[in-house]
Amino acid sequence: MKKRNGLRTIFAVPLLLAIASLIGLVVALTGDGWRDAISWALLAIPVLAVGWAMRARRI
């Protein structure tokens with residue numbers, strides 16, 4: 001029997017990716033220097049997640 005997942009379980013990772021992207025964009029718009037590094041790191045998280053998901057699906 002297949003276990004049913006709740007909405008919290010289904011949308012937890014997409015919500016975290018959206019929050020990381022939003023914070024990264026806001027940090028990028030508010031300053032230079034170390035804020036650029038933080039924004040690049042935060043904006044790279046969704047890209048890495050997509051790469052990980054594509055790799056995991058092939059296996």
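## Starting point: what counts as exposed

A residue is called buried under 20% relative accessible area, exposed over 50%, and partly exposed in between. With that cut-off in hand, Leu 7 is exposed because its relative accessible area is 62%. Please keep in mind as you read on that this is a predicted model.

Leu 7 has its place in helix α1. Together with Ile 10 and Phe 11, Leu 7 forms a nonpolar patch on the surface, and the accessible area of these residues together is about 330 Å².

## Helix α1 and its kink

Let us follow α1 along its length. The helix has 24 residues, which should span 34 Å at 1.5 Å a residue, and its end C-alpha atoms lie 33 Å apart, so the two values agree. There is nevertheless a kink of about 35° in α1 at Val 13, shortly before the proline Pro 14.

Is Val 13 buried or exposed? Val 13, a residue of helix α1, counts as exposed because its relative accessibility is 53%. Pro 14 is also found in helix α1, but this proline is partly exposed, since its relative accessible area is 43%.

Two distances help to place these residues. Val 13 and Val 26 are 13 residues apart along the chain, and 20 Å separates their C-alpha atoms. For Pro 14 and Arg 55, which are 41 residues apart along the chain, the C-alpha separation is 18 Å.

## Helix α2 and its bend

Now for α2, which runs over residues 34-58. Its 25 residues reach 37 Å from the first C-alpha to the last, close to the 36 Å expected at 1.5 Å a residue.

Where does α2 bend? The bend is at Ile 45 and amounts to about 30°, with a proline, Pro 46, following within four residues. Pro 46 is also one of the buried residues of α2, whereas Pro 14 in α1 is partly exposed at 43% relative accessible area.

## Where the helices meet

Which residues of α1 are buried? They are Ala 20, Ser 21, Gly 24 and Val 27, and what covers them includes α2. On the other side, the buried residues of α2 are Ser 39, Leu 42 and Pro 46, and these pack against α1, residues 7-30.

Ala 28 gives a handy view of this meeting place. This alanine lies in helix α1 and is partly exposed, because its relative accessible area of 32% falls between the 20% and 50% cut-offs. Leaving aside neighbours within four places in sequence, Ala 28 is in contact with Asp 36 and Ser 39, and Ser 39 is among the buried residues of α2. Ala 28 can also be placed relative to Trp 40: the two are 12 residues apart along the chain, with their C-alpha atoms separated by 8.1 Å.

Notes. Residues are numbered from 1 along each chain as its sequence is written. This is a predicted model: local features need pLDDT of at least 70, side-chain atom pairs count only at pLDDT 80 or more; totals for chains, interfaces and linings use all residues. Side-chain values use heavy atoms; hydrogens and water are left out. Helices (H or I, at least four residues) and strands (E, at least two) are DSSP runs, numbered from the N terminus. The expected span of a helix is 1.5 Å times one less than its number of residues. The bend at a residue is the angle between axes fitted to the seven residues ending there and the seven starting there. Buried means under 20% relative accessible area, exposed over 50%, partly exposed in between (1.4 Å probe, protein chains only). Contact means heavy atoms within 4.5 Å. Patches are made of residues with over 30% relative accessible area and no salt bridge: like charges are joined within 9 Å, nonpolar side chains (Val, Leu, Ile, Met, Phe, Trp, Tyr) within 5 Å. Accessible areas come from the Shrake-Rupley method with a 1.4 Å probe; for residues, only the protein chains shown count as cover. A salt bridge is a side-chain nitrogen of Lys or Arg within 4 Å of a carboxyl oxygen of Asp or Glu.
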